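Hi there,

Here is the structure I promised to pass on to you. Please open it first, and then read my notes below with the view beside you.

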Number of protein chains: 4
Amino acid sequence: MNRRTAIQIDLDSVVPAYRQITDALRVLLVRGTIAPGEKLPPVRRLAIQLGVHFNTVSEAYRQLAEEGWLDLRQGRGATVIERGLPLRSDPKKLCDLRTQLRNLVAQMRSAGAPAKWIAAELWRLLEDVRP
Amino acid sequence: MNRRTAIQIDLDSVVPAYRQITDALRVLLVRGTIAPGEKLPPVRRLAIQLGVHFNTVSEAYRQLAEEGWLDLRQGRGATVIERGLPLRSDPKKLCDLRTQLRNLVAQMRSAGAPAKWIAAELWRLLEDVRP
Amino acid sequence: MNRRTAIQIDLDSVVPAYRQITDALRVLLVRGTIAPGEKLPPVRRLAIQLGVHFNTVSEAYRQLAEEGWLDLRQGRGATVIERGLPLRSDPKKLCDLRTQLRNLVAQMRSAGAPAKWIAAELWRLLEDVRP
Amino acid sequence: MNRRTAIQIDLDSVVPAYRQITDALRVLLVRGTIAPGEKLPPVRRLAIQLGVHFNTVSEAYRQLAEEGWLDLRQGRGATVIERGLPLRSDPKKLCDLRTQLRNLVAQMRSAGAPAKWIAAELWRLLEDVRP
DNA sequence: GTGGTCTAGACCACG
DNA sequence: GTGGTCTAGACCACA
């Protein structure tokens, strides 16, 4: 994990630290910036880098392991699992995420974002993620 | 509020009831299904319909009032404010929502959704909202 | 929860406190000593009674809720769910428990327990549980 | 140790490897499948067979030696000790194992196992062990 | 006043 | 030296 994959978190945010870490790493994983076979830094090291308790990083890793991104074992570190996208599809979760997307779009519109702007944002995100 | 604008909530969901109500109403407001000038049902009536405490509905209305959708003066019920989209733009909030969108897209990809599917979903949502 | 259902835990045991609580309560639930519809004491009160942190009790309740014994909601306490035995059967878990039983019996034999003694113990347990 | 006494472990299990080995061997020892006077395979050979570090196997052997099953003197391999069942009885340990049995039975009932099924399982295990 | 979340710290398990 | 467990304490969400 080098400069290319550095992540940053905001301890003053209402979003819990562990979730910020999970989210940041998931983006890097989806995008392929962190490739299968690579090892993530040890929980304690990353914790020091980010200025958080190691349990906070640990929780983030555990969640990504549950999502099928990491192989996480005692004494063996955290390794990114080899697998191609699309991963195993989880219909129930997808339905839930679709609802979240609907609500998020409504919030964006409510906050004054034009439909065009939202569409443009999404294009950027999907291109980012495509390869 | 008639059949067209009926909303439904799931009391067993992990999403708190008041947020389900806020979200559902916001979608209807953004879409224009509930038009400016209309009155929302009285807190107590909607509460009974949904099977929740009236404080729960009250909280939902308050939040929508804060977002600029409702006029909530004492004893006069909740009236949808007259205003055209786009509303006042809130850059800080938009930035935050953009981050949420990024993470949501990563989660969808992580859950096995093809990029095309995500794009199609968003299309539907934006068209739904335009007219 | 009265004298009949009082439980006791040993803080010096190698078995974690939360598991001792889960185990003790599960026995009472299986046996029917704590009946469906009853309310368990609030986490904080039981915690004080047992001399542990409320999170410890909380974890125990959560686990029992996952097993389908409790309805556990914010602000509404912990209520024993109405349902008849046998509950929904979980084959994978049962297979795992069978393996555990096999190993436990081997350990008992290894510790010097005659086969007859083990059988007698089990009879007592099953009779206890039957109604 | 031949085909009859081959053991298998699951490296993906939550149960640590060394415990799987201890448990599997103890069952064979209690059952008499591995007889007194026999030699267990050398630590390194078994480790390779099972795909684990030899320390893992070593730990398993040590534990069985503590339980009085193996003679483990340096350079002479692991020999099964001559002794008849019942072995020296350890009341304190038995009490603990009885508690474990009680909790295991409750878990089985909780997972949907009928009392009859549990009894049948135990029968099989005890008969298996008797001869 | 209920249960729940998040983070912290001491200690353990495993390789 | 790796990740993991258990308990604690401050604070939050909900009714």
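Chain B can be laid on chain A by a turn of 180 degrees with a shift of 0.0 Å along the axis, and the RMSD is then 0.2 Å. Please keep in mind while you look that this is a predicted model. In the pairing of these two chains, 100% of the interface residues of chain B are also interface residues in chain A, so the copies meet through the same surface.

How many residues does each chain bring to that contact? Chain B gives 39 residues and chain A gives 39 residues. On the side of chain B that touches chain A, three helices each supply at least two residues: α1 (17-31), α4 (91-110) and α5 (115-129) of chain B. The most comes from α4(B), with 15 residues. Sorted by class, this side of chain B holds 22 nonpolar, 6 polar and 11 charged residues.

Now turn to the other pair. Laying chain C on chain D takes a turn of 180 degrees and a shift of 0.0 Å along the axis, with an RMSD of 0.2 Å. That is the relation of a two-fold axis. The same surface serves both copies here, as 100% of the contact residues of chain C recur in chain D.

In this second contact, 39 residues of chain C meet 39 residues of chain D. The elements of chain C that give two or more residues to the side touching chain D are α1 (17-31), α4 (91-110) and α5 (115-129). Among these, α4(C) provides the largest share, 15 residues. By class, the side of chain C that touches chain D is made of 22 nonpolar, 6 polar and 11 charged residues.

Next, a look at one chain by itself. Chain A contains 5 helices and 3 strands. If you walk along its sequence, you will meet them in the pattern α-β-α-α-β-β-α-α. The C-alpha trace of chain A spans about 50 × 35 × 30 Å along its principal axes. Chain A has 131 residues, and 34% of them count as buried. For contacts in chain A with a separation of 6 or more, 49% come from residues 24 or more positions apart.

Chain A is also divided into two domains: domain 1 covers 3-80, and domain 2 covers 91-129. Their C-alpha centres lie 24 Å apart.

What about the inside? The largest nonpolar core has 68 residues, and the ones with the most contacts inside it are A:I21, A:Y61 and B:I21. Try selecting A:Y61: leaving aside residues up to four places away in sequence, A:Y61 touches A:L40, A:V43, A:L70, A:L72 and A:A78. There is also a second, separate core of 67 residues, which includes C:L28, D:V27, D:W69 and D:L97.

Finally, the DNA. Which residues are closest to DNA strand F? They are A:P42, B:P16, C:A17, C:H53 and C:G75, out of 26 residues that surround DNA strand F. The elements giving two or more residues to this surface are α2 (43-50), α3 (54-66) and β3 (77-80) of chain A, together with α1 and α3 (54-66) of chain C. Of these, α3(A) has the largest share of the surface near DNA strand F, 4 residues. That surface divides into 11 nonpolar, 12 polar and 3 charged residues.

DNA strand E has 27 residues around it, and the closest are A:A17, A:H53, A:G75, C:P42 and D:P16. Two or more residues of the surface near DNA strand E come from each of these elements: α1 (17-31) and α3 of chain A, α2 (43-50), α3 and β3 (77-80) of chain C, and α1 (17-31) of chain D. Here α3(C) gives the most, with 4 residues. By class, the surface near DNA strand E has 12 nonpolar, 12 polar and 3 charged residues.

If you would like a place to begin, colour the four chains separately and find the residues named above one by one. Happy exploring!

Best wishes

How values were computed
Residues are numbered from 1 along each chain as its sequence is written. Chains are lettered from A and ligands numbered from 1 in the order in which they are written. This is a predicted model: local features need pLDDT of at least 70, side-chain atom pairs count only at pLDDT 80 or more; totals for chains, interfaces and linings use all residues. A residue is buried if 20 or more other C-beta atoms lie within 10 Å of its own, exposed if 12 or fewer, and partly exposed in between; C-beta atoms are placed from the backbone. Two residues are in contact if their C-beta atoms, placed from the backbone, lie within 7 Å. Copies are superposed by least squares on the C-alpha atoms of residues with pLDDT of at least 70 in both. Ala, Val, Leu, Ile, Met, Phe, Trp, Tyr, Cys and Pro count as nonpolar, Asp, Glu, Lys and Arg as charged, and the others, Gly among them, as polar. A nonpolar core is a set of buried Ala, Val, Leu, Ile, Met, Phe, Trp, Tyr and Cys residues joined through C-beta atoms within 7 Å. Domain bounds come from an automatic or database domain assignment. A residue is near a molecule or strand if its C-beta atom, placed from the backbone, lies within 6 Å of it.
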